[in-house]
Structure formats: C-alpha cells, structure tokens
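Let's take a friendly walk through a protein model, one region at a time. Keep the picture beside you as you read.

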Amino acid sequence: MITLALAGKPNCGKSTFFKAATLADVEIANYPFTTIDANHGVAYVRVPCPCGSLHLKCNNCKDGSRFIGVGLVDVAGLVPDAHKGKGLGNQFLDHLRSADAIIQIVDASGSTDAEGNPVDTGSHDPMEDVRFLKYEMAMWVAGIIEKHLPRLIRSSQGKETALIDHLAEVLAGLSISAEDIRSALDSTNVDLFRADTDAICKLSDALIEVNKPMVTVANKADMATDEQLQKLPAEMIRATAAGELALRNAVSAGIIRYLPGDSDFNEDSEACLTPQQQRGLSMIRSVMKRFNGTGIQQSINQAVFSLLDLIVVYPVEDETHFSDGKGRILPDAYLMKKGSNPRDLAYQVHTEIGKGFLYAVDARTKMRVKDTLELKNGDIIRIVSTAK
C-alpha cells in the first residue's frame with residue numbers, strides 16, 4: 001500500500017488532519033508533542049468510478065466516486081534542530097523514512113511559533129516552517145552519509161558505480177535507491193570522492209527532493225486573513241482540517257450528506273439542528289466556498305496523483321460483464337505507477353498470476369493488448385494467466 005506521512009511542527013493541525021482523513025481515534029490537544037508515537041491509519045484517494053460511464057451499478061463506489069485506500073502516518077511534531085536530537089529528536093525523522101510522499105502541514109494563521117507554542121495570530125511566518133522541515137530532513141540524511149562515506153570510498157576502490165551502490169545499501173532503510181543517488185548527483189554535480197560537508201548537504205537536499213516528494217498544506221486557512229494567505233505560494237493547498245473533521249462527524253451523526261472532496265454539503269431535511277449546529281455548519285460552508293472545499297481530500301489526491309504520478313487500473317476476470325468470477329462488478333481498483341503495463345498489473349494482483357501471465361484484454365474494446373502496452377488511468381483489464 002502507498003504510504004503518505006503527515007509532517008510538520010507540533011500544534012499545526014496534523015492530528016486533526018489525520019483524524020479527519022481516517023476517522024481514527026487520536027488525541028488532539030493544543031500543546032506540543034500531543035502525538036508521541038506515530039499514528040497509523042488508512043485514508044483514501046477519490047476518483048470517478050467507471051461504472052457510471054459503463055451504465056452499470058457496482059457496489060464499490062459512493063454516488064459515482066471510488067475511494068481507494070492509502071496508508072497515512074501521523075508523525076509527531078518536528079522542531080528546529082531535530083536532527084541534532086532537539087525535541088523528541090531523530091525518532092520522528094525515522095518515522096518518515098518509509099513514506100512514499102510527505103504531506104507537510106503548516107499553520108497558515110501564524111498563531112504558533114517554530115516549536116508549536118501558541119503566539120499571537122500572524123506573528124509567525126508559515127514559510128519558515130516549510131523551509132525548516134526540508135532542512136531537517138536533508139541534515140538527517142547528510143549526517144548518515146557523512147558518517148559512512150569515508151569507509152565507502154575506501155571500499156569502492158575509485159569506482160563511482162561501486163561507490164553509488166555501496167551508498168545505496170547504507171541508505172536502503174530510507175528507501176533511497178542507487179537510481180535516486182544518480183539523479184541527485186546529476187542535478188548537483190557533486191563529486192562523491194571529493195565531497196566536503198557543504199557538498200554532502202547539497203546532495204542530501206537533492207535526495208530529499210527526489211525520494212521524499214512533498215505537498216504543502218496551509219492548514220487553519222480559515223483562521224488566516226486574505227492578506228496572510230496572499231503571501232503564501234499559490235500551489236500551497238488552503239485547508240481546514242478542523243472543518244473537515246466537523247463535517248465527518250456531522251455525517252456520522254446523520255445531520256448532513258457529504259463526501260470527502262465535495263465543495264459543499266447538504267443538510268438532512270429530517271435532522272433537527274440546534275442553533276449552535278446551524279451556526280457551525282454555516283461557518284464551515286462559508287469557508288468551503290472560499291477555498292472550494294476543505295482541502296483535505298485535495299491534499300491526499302495531489303500527493304498520490306501529482307507527486308507520485310500514479311494511475312488507477314481495474315482488473316476483472318470477465319471482460320463482458322466487467323466483473324470477477326463471482327459476478328461482482330469492478331471489484332478491485334489498483335494504484336499503479338504511470339508507465340506500468342499489463343504484466344505489471346498481473347504481478348500486483350498476485351505474484352503467481354504475474355509469473356503465469358499469458359496475455360491481457362482491454363475490457364472496453366474486448367481486444368487483446370500487448371503486454372508492453374502502457375496502461376492509462378481508468379483502464380479495465382482482464383489478465384489471462386496459467387495461475388488460478
């Protein structure tokens with residue numbers, strides 16, 4: 001399963017985001033280090049389900065939207081100099097190592113300082129938090145490289161390929177590959193054999209860019225002024241995790257009808273709302289109009305589809321009815337790297353099916369396709385294999 005990590009300083013709204021996205025029972029409080037151990041849960045990307053265009057009814061979507069699970073990890077808050085052990089130190093950075101991408105949460109309202117302590121609204125620059133997280137992660141990687149590089153240089157006997165491979169072995173626990181290292185070296189022109197501390201830091205920064213892509217979320221945007229938000233980069237997603245959580249709770253209580261990612265919600269005509277509930281929903285609705293939603297689902301979708309460049313493919317056993325062997329229509333949806341082919345899909349469904357792969361059929365056209373065909377987002381594919 002794809003894993004996304006929520007990262008940022010304490011008290012920026014990460015745990016609220018996590019609970020809103022997963023409806024997990026986590027502690028939420030207005031003080032640093034509420035989250036001591038990483039919380040693990042399942043969030044979902046949202047895509048249109050193909051059943052609508054096929055004029056079929058499947059039991060795996062909600063009002064025409066398909067929700068596909070991804071892992072979500074709420075990492076405890078990072079503070080400046082965490083790579084030196086400040087705050088709760090490297091254990092938090094360690095929780096980020098297996099993440100495929102990072103969703104960085106910042107306090108757009110500027111009402112918390114660099115360590116997450118409450119301050120006057122607007123007195124802290126959110127962009128400082130954006131910079132410090134990338135810096136801490138790069139310094140963390142740099143420390144590992146600097147520790148091992150002299151030994152690796154000796155063992156590589158002057159061969160760059162061997163040195164890169166050895167370094168990849170050291171960084172394997174961070175999911176950093178030899179290919180990542182080559183890409184970072186190409187972009188920085190660093191010579192590993194002559195790299196000083198500055199060069200290692202430069203390389204580490206490039207490795208984080210390559211291996212840990214990041215989407216930044218301006219949380220608490222509902223508490224920020226227009227002037228504050230205008231100072232933030234346009235690509236930074238404006239969000240209100242607290243608003244999303246309130247909507248999720250209202251859905252659970254049967255008060256409203258709402259799907260994550262909707263730009264509005266509908267109140268249940270039979271629900272008896274208190275004046276306080278009416279005011280609360282009215283405030284959330286005004287925020288959603290301002291930002292075209294709460295920003296939570298948009299953040300998850302952007303991380304999966306834009307940062308990780310994934311597509312959704314639907315494997316079926318019966319291309320005539322778009323179903324599996326039990327007649328269930330579009331029973332599965334797989335997230336796959338763009339550029340994947342039918343054989344890759346076969347292996348993702350099951351290793352034995354991949355090993356026994358014979359050919360594939362495009363369920364829409366009923367035509368056999370090449371095993372080297374590049375799959376497209378929304379493809380429905382029948383895999384024919386010797387494995388059952």
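## Two nonpolar cores

The structure shown here is a predicted model. A good place to begin is its largest nonpolar core, which has 41 residues. Within this core, L4, F17, V70, I103, I300 and L330 touch the most other members. Many parts of the chain contribute: β1, α1, β2 (39–48), β3 (65–74), β4 (101–107), β5 (214–219), α10 (296–307) and β9 (310–316) each provide at least two residues of the core. Another core lies apart from this one, with 39 residues that include A7, A138, L174 and C201. In soluble globular proteins, nonpolar side chains tend to be buried together.

Which residues does F17 meet, once its neighbours within four places in sequence are left aside? F17 is in contact with L6, I103, I105, A241, I296, S299 and I300. Try finding F17 in the picture and picking out these partners around it.

## Two pairs of packed helices

Two packed helices are described by the angle between their axes and the distance between the axes. Take α1 and helix α8 (residues 241–252) as an example: their axes are 8 Å apart, and the helices pack at an angle of about 30 degrees. Angles under 35 degrees count as roughly parallel, so α1 and α8 are roughly parallel to each other. Their crossing is left-handed. On the α1 side, the contact is made by T16, F17, K19, A20 and A21, and on the α8 side by A241, A242, E244, L245 and R248. You have already met F17 as one of the core residues that touch the most other members.

How do helix α3 (residues 126–156) and helix α6 (residues 197–211) cross? Their axes come within 8 Å, with a crossing angle of roughly 125 degrees. That makes α3 and α6 oblique to each other, and the crossing of this pair is right-handed. Among the residues making the contact are K134, M137, A138 and M139 from α3, together with T197, I200, C201 and L203 from α6. Two of these names, A138 and C201, also belong to the core of 39 residues.

## Buried residues with polar contacts

Now let's visit the loop between β1 (3–7) and α1 (14–22), where K9 is found. Is K9 buried or exposed? Its relative accessibility is 1%, and buried means under 20%, so K9 counts as buried. The K9 side chain has a polar contact of 2.9 Å with the side chain of D129. The side chain of K9 also reaches the backbone oxygen of T112, at 2.7 Å.

Strand β3 holds D74, which is buried because its relative accessible area is 0%. The side chains of D74 and S15 are joined by a polar contact of 2.9 Å.

## Two more buried loop residues

A99 sits in the loop between α2 (90–95) and β4, and with 5% relative accessibility A99 counts as buried. A99 and L4 are 95 residues apart in sequence, yet their C-alpha atoms are 5.4 Å apart in space. Leaving out residues up to four places away in sequence, A99 touches T3, A5 and K212.

T240 lies in the loop between β6 (237–238) and α8 and is buried, with a relative accessible area of 3%. Its side chain reaches the backbone nitrogen of G243 at 3.0 Å. Not counting residues up to four places away in sequence, T240 touches N219, D222, V287, T294 and I296. The C-alpha atoms of T240 and D379 are separated by 34 Å, and these two residues are 139 residues apart along the chain.

## Two positive phi angles

Most residues other than glycine have a negative phi. Here are two residues to set beside that general pattern. N11 has a positive phi, near 65 degrees. N11 is in the loop between β1 and α1 and counts as buried, at 14% relative accessibility.

H55 has a positive phi too, near 60 degrees. Where is H55 placed? H55 is in the loop between β2 and β3. With a relative accessible area of 74%, H55 is exposed.

How values were computed
Residues numbered from 1 in each chain as written. Predicted model: local features only at pLDDT ≥ 70, side-chain atom pairs only at ≥ 80, totals over all residues. Heavy atoms only, no water. Helix = DSSP H or I, 4+ residues; strand = E, 2+ residues; numbered from the N terminus. Buried < 20%, exposed > 50% of the residue type's maximum accessible area, 1.4 Å probe, protein only. Polar contact = N/O pair within 3.5 Å; in protein donor to acceptor, adjacent residues only side chain to side chain. Core = buried A, V, L, I, M, F, W, Y, C linked by side-chain atoms within 4.5 Å. Contact = heavy atoms within 4.5 Å. Axes fitted to C-alpha atoms, helices over the stretch in contact; angles between N-to-C directions. Parallel < 35°, antiparallel > 145°, perpendicular 65-115°, else oblique. Left-handed = near helix turned anticlockwise from the far one by under 90°.
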